[in-house]
Amino acid sequence: GINAEYGESKPASMAVLHGSDERRKNFTEYLEREGVLQNFKEVLIMLCEEEPELRPADGIEFLRQSLMSHDLNPDPLLEIKVREQEDEIRHLEAKLSGLQAELDHINAA
């Protein structure tokens, strides 16, 4: 039949195939633009580089958990800040424990 979109005569099945190719191309561009393909590649590389005996028994679950983390290459400054905050938490917990011991000693007297 006549395919007005292309300005030429093509069988209907060819027009559907071309439309499908266009959707596939657009979807692939979307996946690349949003970093989806890059994240998949990074997770698969992590899995590939793992020693065979250390690879998870459930590869699909590994992929799922790895992709759920959203950030395969975390910001180094953010990592430093998190470590600093964790150190501060440990310091405050130790201080709290000491103050609790003091309070218990005072209340026991």
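These legends walk through a few close-up views of a predicted protein model.

**View 1. The whole chain has four helices and two strands.** Going along the sequence, you meet them in the order β-β-α-α-α-α. Helices (H or I, at least four residues) and strands (E, at least two) are DSSP runs, numbered from the N terminus. Of the 109 residues, 9% are buried; buried means under 20% relative accessible area, exposed over 50%, and partly exposed in between (1.4 Å probe, protein chains only). Residues are numbered from 1 along each chain as its sequence is written. Since the model is predicted, local features need pLDDT of at least 70, side-chain atom pairs count only at pLDDT 80 or more, and totals for chains, interfaces and linings use all residues, while side-chain values use heavy atoms and leave out hydrogens and water.

**View 2. Helix 2 (residues 36-49) has a buried face.** Its buried residues are Glu42, Val43 and Leu47. Looking down the axis of helix 2, they fall within an arc of 135°, so they line one face of the helix; the arc is that of the directions from the helix axis to the C-beta atoms. Part of what covers them is helix 3 (59-68). On the face turned away from the buried side, you'll find the exposed residues Lys41, Cys48 and Glu49.

**View 3. Lys25 and Glu29 pair up in helix 1 (residues 12-33).** Their side chains meet in a salt bridge (3.2 Å, N to O), one of five in the structure. A salt bridge here is a side-chain nitrogen of Lys or Arg within 4 Å of a carboxyl oxygen of Asp or Glu. The two residues sit four apart, about one turn of the helix. An α-helix has 3.6 residues a turn, so residues three or four places apart point the same way. Lys25 is partly exposed at 45% relative accessibility, and Glu29 is partly exposed at 35%.

**View 4. Arg33 and Glu34 form another salt bridge.** The N to O distance between their side chains is 3.9 Å. Arg33 is exposed, with a relative accessible area of 58%, whereas Glu34 is partly exposed at 49%.

**View 5. Asp87 and Arg90 meet in helix 4 (residues 76-108).** In this salt bridge, the closest N and O atoms are 2.4 Å apart. Because Asp87 and Arg90 are three residues apart in helix 4, about one helical turn separates them. Asp87 is partly exposed, with a relative accessible area of 44%, and Arg90 is partly exposed at 48%.

How values were computed:
Contact means heavy atoms within 4.5 Å.
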